[in-house]
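Let's take a look around this structure together. The sequence and the 3D view come up next, so have them open while you read.

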Amino acid sequence: MFAPPVNRLIGELAKLPGIGQRTAQRLAFYLLSVSDEEALPLADAIREVKETVGQCEVCFNLAVESTCRICQDERREGTVICVVEQPGDVIPIERTNEFHGRYHVLGGALSPIDGVDPEDLHVTELLERVSANGVCEVVIATNATTTGEATALYLADALRERSPDLAVTRLASGLPVGSDLEYADEVTLGNALRGRHAL
Ligand SMILES: [Zn+2]
């Protein structure tokens, strides 16, 4: 319908989560309407993150160096690990100021229907970290969704089998059922962390 470069931009924008065809069109026309100085920093920012940001080799959080800032921070307790699904889940937990341990990012949640099995997540690495480093508690902070709950139960079993003395805890309820961690407010999430219980 439009010139090929415009169609291409709309097509790329429409692939973003939560952006439908109409919003993609609106954003594309916005970008066409502003100056180069206003539009191009977006393209540069996308290129820069893709070229410089990778995964922490310890916890799989986002990292600019080989390990992330949390893993590099000596003041963080190494004996407690909080397990989350995605790197974006670290941020709301950090905002609560209730957690001073370290993280482990799984890279998703178990979902056999969608073909996501334990081998597709960073489960082995978690089990290795826990048995190697004197970890005494693993807080499972996967989402309060069907797949998040199934993942929590699977991990609790796997962790207990490997390290019988380990405390495996889950965030307290109070988080909206069926919702993703990233949408929880800090107060609710802080309460859920403080009230975590054994799995
Ligand atoms: Zn890390």
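What follows is a short tour of one arginine, a few cysteines and some strands.

## Before you start

Keep in mind that this is a predicted model. Residues are counted from 1 along each chain as its sequence is written.

## Arg76 and its surroundings

Start with Arg76, which you'll find in the loop between α4 (69-72) and β3 (80-84). Is Arg76 buried or exposed? Its relative accessibility is 13%, and the cut-off for buried is under 20%, so Arg76 counts as buried.

What does the side chain of Arg76 pair up with? There's a polar contact to the side chain of Glu94, at 2.9 Å. Glu94 also turns up among the residues in contact with Arg76 once neighbours within four places in sequence are set aside. The others on that list are Ile70, Phe99, His100, Gly101, Arg102 and Tyr103.

## Cys59 and the other cysteines

Next, click over to Cys59, in the loop between β1 (54-55) and β2 (62-63). Cys59 has a relative accessible area of 1%, so it is buried. With neighbours within four places in sequence left out, Cys59 is in contact with two further cysteines, Cys68 and Cys71. Tyr103, His104, Val105 and Arg129 complete that set. Tyr103 is a name you've met already, as a contact of Arg76.

How do those two cysteine partners fare for accessibility? Cys68 is buried at 1% relative accessibility, and Cys71 also counts as buried, at 16%. So how many disulfides does a search of the whole structure find? The count is zero. For a distance in the other direction, try Ala45: 14 residues from Cys59 along the chain, with the two C-alpha atoms separated by 24 Å.

## Strands β5, β6 and β7

Now move along the chain to β5 (residues 137-140) and β6 (residues 167-170). These strands run parallel and are joined by four bridges. One pairing to look for is Glu137, whose bridge partner in β6 is Ala167. Together with helix α7 (residues 146-162), β5 and β6 make a β-α-β unit, and its hand is right.

On to β7 (residues 197-198): which way does it run relative to β6, parallel or antiparallel? The β6 and β7 strands are antiparallel, with two bridges joining them. In β7, Ala198 is the bridge partner of Thr169. That leaves β6 with a parallel partner in β5 and an antiparallel partner in β7.

How values were computed. Predicted model: local features only at pLDDT ≥ 70, side-chain atom pairs only at ≥ 80, totals over all residues. Heavy atoms only, no water. Buried < 20%, exposed > 50% of the residue type's maximum accessible area, 1.4 Å probe, protein only. Polar contact = N/O pair within 3.5 Å; in protein donor to acceptor, adjacent residues only side chain to side chain. Contact = heavy atoms within 4.5 Å. Pairing = 2+ DSSP bridges. Right-handed = clockwise from strand over helix to strand, strands pointing away. Disulfide = S-S within 2.5 Å.
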